[in-house]
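Thank you for making time this morning. I would like to walk through one structure with you, taking the charged pairs, then the pockets, and then the sheets.

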Amino acid sequence: MAKRPRSTGGKKAVRTADGYNNFPAKLGAQTQNIQTGGTYLPGYLTRNRVELEFSYRSSFLVGAAVDSLADDMTRKGVNISSKLKPGQKGKVETFWDEAALWDGLNDTIKWSRLYGGAILVVLIEGQDMSTPLKLDRIKQGQFKGVISLDRWMVKPSYVNLVTDYGPEFGKPKYYRVVTNQQGIPPWKIHHSRIIRMEGDSLPFQQAQTENGWGMSVVERIFERIQAFDTATVGTTQLIHKAHLRTYSIEDLRKILAMPEGSPMVAGLMKHMDMIREFQTIEGMTLMDKKDEFATHSYSFAGIADVILRFAEQVSGATGIPLVRLFGQSPAGFSTGDGDLENYYSRVNSLQERRLRRHVRWLMDISWRSLFGEELPEDFTFEFNKLWEMSDTDRSTMANNVVTALATAVRDVGMTPAAALNDLRNMSDVIGIGGSITDEDIENAKAQWEEDESETSPPPSFREAVQPKPVGDSKPDRGNRRWYLRWFPGGG
């Protein structure tokens, strides 16, 4: 019985494919060729903690891929650019060094990149870890430092999630310590007392397979690193076979088939020893007239290019330039400065996105522990630049900065105190101005505010010199235009 046609008169739907296809030539995505057999399968290397640790310990590429970004993100620290009371900036920087806060952040970034997740716990003396952290209850001297715990050292409570709107919404509310080999108590840590970091972020469904954590950065680059290691190890094996010598002996199989210790076998070994002894640059090789001796050399042409291409793939997979990843100088006309500049821009972007909020939070805790007061509302800081200028570039930039500040003071009305403060903030970059103290800035501000009285009578025309001493001659009051001695060209 024939099938009844559709009421619309349309034909039966057929399967179609987008793109170019040539079925007779077997070209295209839907044809039966070798390329259509390729697919992507999950490696789940992030779950294999042991293999991650072994590769981190054994492969310098895995170690560099994990450590480089973490080291660069925390290497230069920050520069507090807001105005503070005398001595406060130095106390904060000293406390961060003594409490090893940058080291803690560095470890947390490393282990989050290696394992896919890690947390940084703040240690507040006298407070219960399981209670929410109240910043206004931190007293002077309570902040004792931080401790980094990777994802395998803690067990998040996914049955009790954060319901308050914010960056931590939907994340675990508590983390219980399960590894205590370092003497760490079995804390139940409230989420408000930690900084949570993940490696490579995953979409929701894949994050669920990793217990809510991210993915190790090693998982994406592992195949490329294996390819590079295979190429280098294979080249090493070729070196052992780069120069082979062969010696043809008539009836060799019959000689080797004789019993061990027979005169024929002993004579053969004696002959080989004699060849090795006398076959030098000045010696000779003695052999029977029917024997044949030959050498076979291997050419390494093209191997260096192959290894370089594999290295470039590893560099592209990690996002770290060759000059930083391998520590090698670029070849040809390239200096590598452009690659490093782009890489440092990426590091700065990660600092702004991944670190700024956490650094400010740690600054707030440090401030309350040091001075017993909350962080000033106008508190600001900037991450120090990673790019190292040459002495010539630094000198040129210093001269330009000083000239610009002098012009601003002379023509725009900028106060000398503000100019000195800007010069000091730039001292890490330009190399001058670091000796300017808070007292210098306050003195400059006081001297600038002591204007000449506009209501005082003008000096007599008969007096050649005004009797009132100027700043250069009177020690307790400087000339209003004293800043000319600080900034050349401001006359």
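Let me begin with a term: a salt bridge, as I use it here, is a side-chain nitrogen of Lys or Arg that lies within 4 Å of a carboxyl oxygen of Asp or Glu. Please also keep in mind throughout that this is a predicted model. By that criterion E352 forms a salt bridge with R356, and the closest N and O atoms of the two are 2.6 Å apart. Both E352 and R356 belong to helix α11, where they sit 4 residues apart, or about one turn of the helix. As for how open the pair is, E352 has a relative accessible area of 31% and is partly exposed, and R356, at 24%, is partly exposed as well.

Helix α11 holds another pair that I would set beside this one, namely D364 and R368, whose closest N and O atoms are 3.0 Å apart in a salt bridge. Because D364 and R368 are 4 residues apart in helix α11, about one helical turn separates them. Are D364 and R368 buried or exposed? In this model D364 is buried, and R368 is buried too. There is also a network to mention, in which salt bridges that share partners join R47, R151 and E210.

As background, side chains of opposite charge can pair when their charged atoms come close. Over the whole structure, the search finds 18 salt bridges. One that I would like to single out is formed by D72 with R324, with 3.1 Å between the closest N and O atoms. This pair links distant parts of the chain, since D72 is in helix α2 and R324 is in helix α10, which covers residues 322–325, and the two are 252 residues apart. Which side of this pair counts as buried? It is D72, because its relative accessibility is 0% and buried means under 20%. R324, by contrast, has a relative accessibility of 26% and therefore counts as partly exposed.

Let me turn to the pockets. The largest pocket has a volume of about 650 Å³. Its lining is made up of 26 residues, and those nearest the centre are E198, G199, D200, S201 and R354. Two or more lining residues come from each of α2 (60–74), α4 (101–115), β9, α6 (217–240), α9 (303–318) and α11 (337–371). Which element gives the most to this lining? It is α11, the helix of the two pairs we began with, that gives the most, with 6 residues. In character, the lining of the largest pocket divides into 10 nonpolar, 5 polar and 11 charged residues.

The second largest pocket holds about 490 Å³ of space. It is lined by 18 residues, and F383, N384, K385, D428 and V429 are the ones that lie nearest its centre. The elements that contribute two or more residues to this lining are α11, β12 (381–383), α12 (391–412) and α14 (427–430), and the lining divides into 6 nonpolar, 5 polar and 7 charged residues.

That leaves the sheets, and I will start with the one that contains β9, a strand we have already met in the lining of the largest pocket. Here 3 strands form an open sheet in the order β5-β4-β9, with antiparallel pairing. Since β5 (143–150) and β9 (194–198) stand at the edges with a single partner strand each, one side of each is left without a neighbour in the sheet. Neighbouring strands of this sheet are turned on average by 15° against each other, direction ignored. Between β4, residues 117–124, and β9 the antiparallel pairing extends over 5 bridges, and A118 stands opposite M197 in β9.

Another open sheet, also of 3 strands, has the order β6-β7-β8 and antiparallel pairing. Its edge strands are β6 (154–156) and β8 (188–190), each of which pairs on one side only. Here the neighbouring strands are turned by 30° against each other on average, again with direction ignored. Strand β6 runs antiparallel to β7, residues 174–177, and 3 bridges join the two; within that pairing, the bridge partner of K155 is R176 in β7.

I will stop there and take your questions.

Key. Residues are numbered from 1 along each chain as its sequence is written. This is a predicted model: local features need pLDDT of at least 70, side-chain atom pairs count only at pLDDT 80 or more; totals for chains, interfaces and linings use all residues. Side-chain values use heavy atoms; hydrogens and water are left out. Two strands pair if DSSP finds at least two bridges between them. Axes are lines fitted to C-alpha atoms, for helices over the stretch in contact, and angles run from 0 to 180 degrees between N-to-C directions. On a 1 Å grid over the protein atoms alone, a cavity is a set of points where a 1.4 Å probe fits but cannot get out, and a pocket is an open set with protein on both sides within 12 Å along at least five of seven lines; lining residues have an atom within 4 Å of a point. Grid points are joined across faces, edges and corners, and a volume is the space filled by probe spheres set on the points. Ala, Val, Leu, Ile, Met, Phe, Trp, Tyr, Cys and Pro count as nonpolar, Asp, Glu, Lys and Arg as charged, and the others, Gly among them, as polar. Buried means under 20% relative accessible area, exposed over 50%, partly exposed in between (1.4 Å probe, protein chains only).
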